[in-house]
Amino acid sequence: ALMKGSHRSEIDLDISRSVLESVKSINCRELLYRFALSSISMSLDEIRRLAAVAPAIPEPIGCISSLDGLWLRKVTDTRYEVSPLASPLSSELLSDVAKATHKEVALIILKRSRINTTEFQKAIISFLAAGEINSAAMFLIMGCSRWPNKSSGYSELGVMLFFPLSSDSRLSPVTELPIRSVQALTAASEGANYDSYLDRIHEISTVETEEVSIGTLTAGALIMTSSLDMPSRLAILGATLIERCLSGNLSKFNTEFESAGHEAGSHIWILTACIKTWEGIDELLDFISTLSKKRWSELYSSTELKEGLRLAIFRSLFDKNLDPTPDAYNRLQAIETRAIAIGLFEFAAYAFTGRAVILGEYEKNIERVLEEAEIARSRYASDPVATSMVEVIVGKQLHLNGRSIEALEHLSIGLQNRLHIAGNERVLSLEDAVCAAWIAKKDMGSYVDELAERLQESPFTDSESKCKLHAQVAVIRWNQGKQIEAVRHLEISVTNYFE
C-alpha cells in the first residue's frame, strides 16, 4: 500500500517524519530527500550521481540497504524506486541543494539511451525547477525534432504549456527562436492562430548577434523538416530564416559554415511543395522578391526548383476533381503580370502555361491560345527560356487540338536548346513532339533518339509514366526496324507495369 501511495491521505506528514526516525544516518536521510525529489526509478550508477550533488553524500550504495523496504523498492537487481509516501520529504532539502538536485535529475534522464513520456516531461520540469529555462527549452526542442509524431507520446503541446509568450522572456535567442517555431507549427496543426509566434520570431531574428544567428538557423531547419502539410506561410518563414542566416544580414556570423543543401536551395524545393493555393503563390513571390538577383539566379539554375515551381502553380490551378478553379484564369493572369514586374519571366511563363491549358484543353479555344502566345512572346522577349516555354505549351495545345503539323513547328523551336527546357518537362515535351510527328507523318528521329536517351536517366519516379514512355519508344523503334532496341524498351515497360 505504501508503494502505491493509497494511504497518503491517511498518514499525516508528521507521522511520516516520525517513521523516518528509523533511518538513523543523516547521510541516508539526505539521499532519501533527493530520491523523493526525483520521483523516478534509478540505477545504482544514477543513485551515485544523485549523491554526488554538492554537498556530496559518501557511500550512497550503503544507504540503500537501510532505506530498502519501507522507503525504497527494488525494481530490478540494480534499480530502485522511491515510495510515493516519501514525496513530501523533498521539502527537507535546502533550496540550493534542491535546485542542484533538480538539474542533476534532468541530466540523468537526458543521458539515458531510451526514455518514456513521463521521464521526458520530468526532465523538462526538473530543468525549469532548477532555473535552467534554456536547458529545458533545448531538451524540449530535441524531443520535438526527434519524436515529431504525436502518436509516439511526445507532444509538441508541452512547448505551449512550459514556454508561453512573454515580453520578459528569460529564454536566450538560441532557444527561444526554435521554441517559437515549434509553437507556431503546433498551433497551425491544431487549427489555431499562430500570428503572435510569427511576430515574435520576426522581432527576434532581425537583431544581429551570434546567438540570434544560431537560433535563427535552428528554427528555420525545424520548420523546413517538419511536414509538407504545413501552411505555406510557415514554410516561407522557415526558408526566410535560413536565407537570412546564411545569405542575408546574419551570414557574417556563419562565414565558416558550409551547406551544400543551402547552396543548392533544398529548403526552397521543400517550400514549393507546401504551396497549394493562390495565396501561397503570392506569398512565394513576396519571398522571392526579397532575394538578391544573384542569389535567385543561383537557386533557379536547379531543375528541381523549376519543377517545384511548375507543380506549385498546377496544384493551385486545379480543384479536387482536376478541373480549373473558377477564378484560375484571372489568378494566373495576375501572377504572370506580377512576376514580369519583378523580372521573373520564367515564373511568368509557368503562369502562362496554366492559362494555355485552360484555354486549349478545357475551353477548346486554340485560336485564343495563339493570340495570347503572341502577346507573351512580346512580353518575354528578353528571356529566351521563357519564350521557349511559350512555344512548347503552344505546340502541346495545338497537338491536343488536332493540329499536329503546326504543333511540331512550335515544339521544334521550343526544344531547340536543351538548357531551356529541361528535366521532366523536357521529357514530356519530347513525347508531345514524337506523337505530333507520328500523326503528321514527319521525321521524328531526333526526338525519339533524345527521348530514349532521357529515359535511361530515369527522370520519372512513378512506374506509370515510365511504362507509357518506354512503350511509345518501343513501338516507334519497331517501326524503324530497330527490333532489338524495341524489345528492350518493351521489357522495361512491362517491368514498370507490374511494379
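**Close-up 1. F314 and its aromatic surroundings in the predicted model.** F314 has a relative accessibility of 17%, and because buried means under 20%, this residue counts as buried. By the ring-pairing rule there are two aromatic pairs in this predicted model. In one of them, the ring centres of F314 and F318 lie 6.0 Å apart while the ring planes stand at 35 degrees, so this pair is classed as tilted. The other pair joins F318 to Y362, with 6.1 Å between the ring centres and 45 degrees between the planes, so the pair of F318 and Y362 is tilted as well. This second pair links distant parts of the chain, since F318 belongs to the loop between α17 and α18 (328–341) whereas Y362 belongs to helix α19 (residues 345–362), and the two residues are 44 residues apart. Y362 counts as partly exposed, with a relative accessibility of 38%. Taken together, F314, F318 and Y362 make up one aromatic cluster.

**Close-up 2. The crossing of helices α16 and α17.** Helix α16 (residues 293–300) and helix α17 (residues 303–317) have axes that come within 7 Å of each other and cross at roughly 90 degrees. Because angles of 65 to 115 degrees count as roughly perpendicular, α16 is described as roughly perpendicular to α17. On the side of α16 the contact is made by W296, L299 and Y300, and on the side of α17 by L305, K306 and L309. Sorted by class, the residues of this contact between α16 and α17 comprise five nonpolar, no polar and one charged.

**Close-up 3. The contact between helices α11 and α12.** The axes of helix α11 (residues 210–224) and helix α12 (residues 232–246) come within 8 Å and cross at roughly 145 degrees, and α11 passes α12 in a left-handed crossing. From α11, the residues S213, T216, L217, A219, G220, A221, I223 and M224 take part in the contact, and they meet L234, A235, L237, G238, A239, L241, I242, C245 and L246 of α12. By class, the residues in the contact of α11 with α12 divide into 13 nonpolar, four polar and no charged.

**Close-up 4. S172 and the residues that it touches.** S172 is placed in the loop between α8 (157–162) and α9 (173–189). With a relative accessible area of 16%, S172 is buried. When residues up to four places away in sequence are not counted, S172 touches N134 and E211.

Conventions:
Residues are numbered from 1 along each chain as its sequence is written. This is a predicted model: local features need pLDDT of at least 70, side-chain atom pairs count only at pLDDT 80 or more; totals for chains, interfaces and linings use all residues. Side-chain values use heavy atoms; hydrogens and water are left out. Axes are lines fitted to C-alpha atoms, for helices over the stretch in contact, and angles run from 0 to 180 degrees between N-to-C directions. Helices (H or I, at least four residues) and strands (E, at least two) are DSSP runs, numbered from the N terminus. Angles under 35 degrees count as roughly parallel, over 145 as roughly antiparallel, 65 to 115 as roughly perpendicular and the rest as oblique. Contact means heavy atoms within 4.5 Å. Ala, Val, Leu, Ile, Met, Phe, Trp, Tyr, Cys and Pro count as nonpolar, Asp, Glu, Lys and Arg as charged, and the others, Gly among them, as polar. A crossing is left-handed if the near helix is turned anticlockwise from the far one by less than a right angle, and right-handed if clockwise. Rings of Phe, Tyr and Trp (its six-membered ring) pair if their centres lie within 6.5 Å; planes under 30 degrees apart count as stacked, over 60 as edge-to-face and the rest as tilted. Buried means under 20% relative accessible area, exposed over 50%, partly exposed in between (1.4 Å probe, protein chains only).
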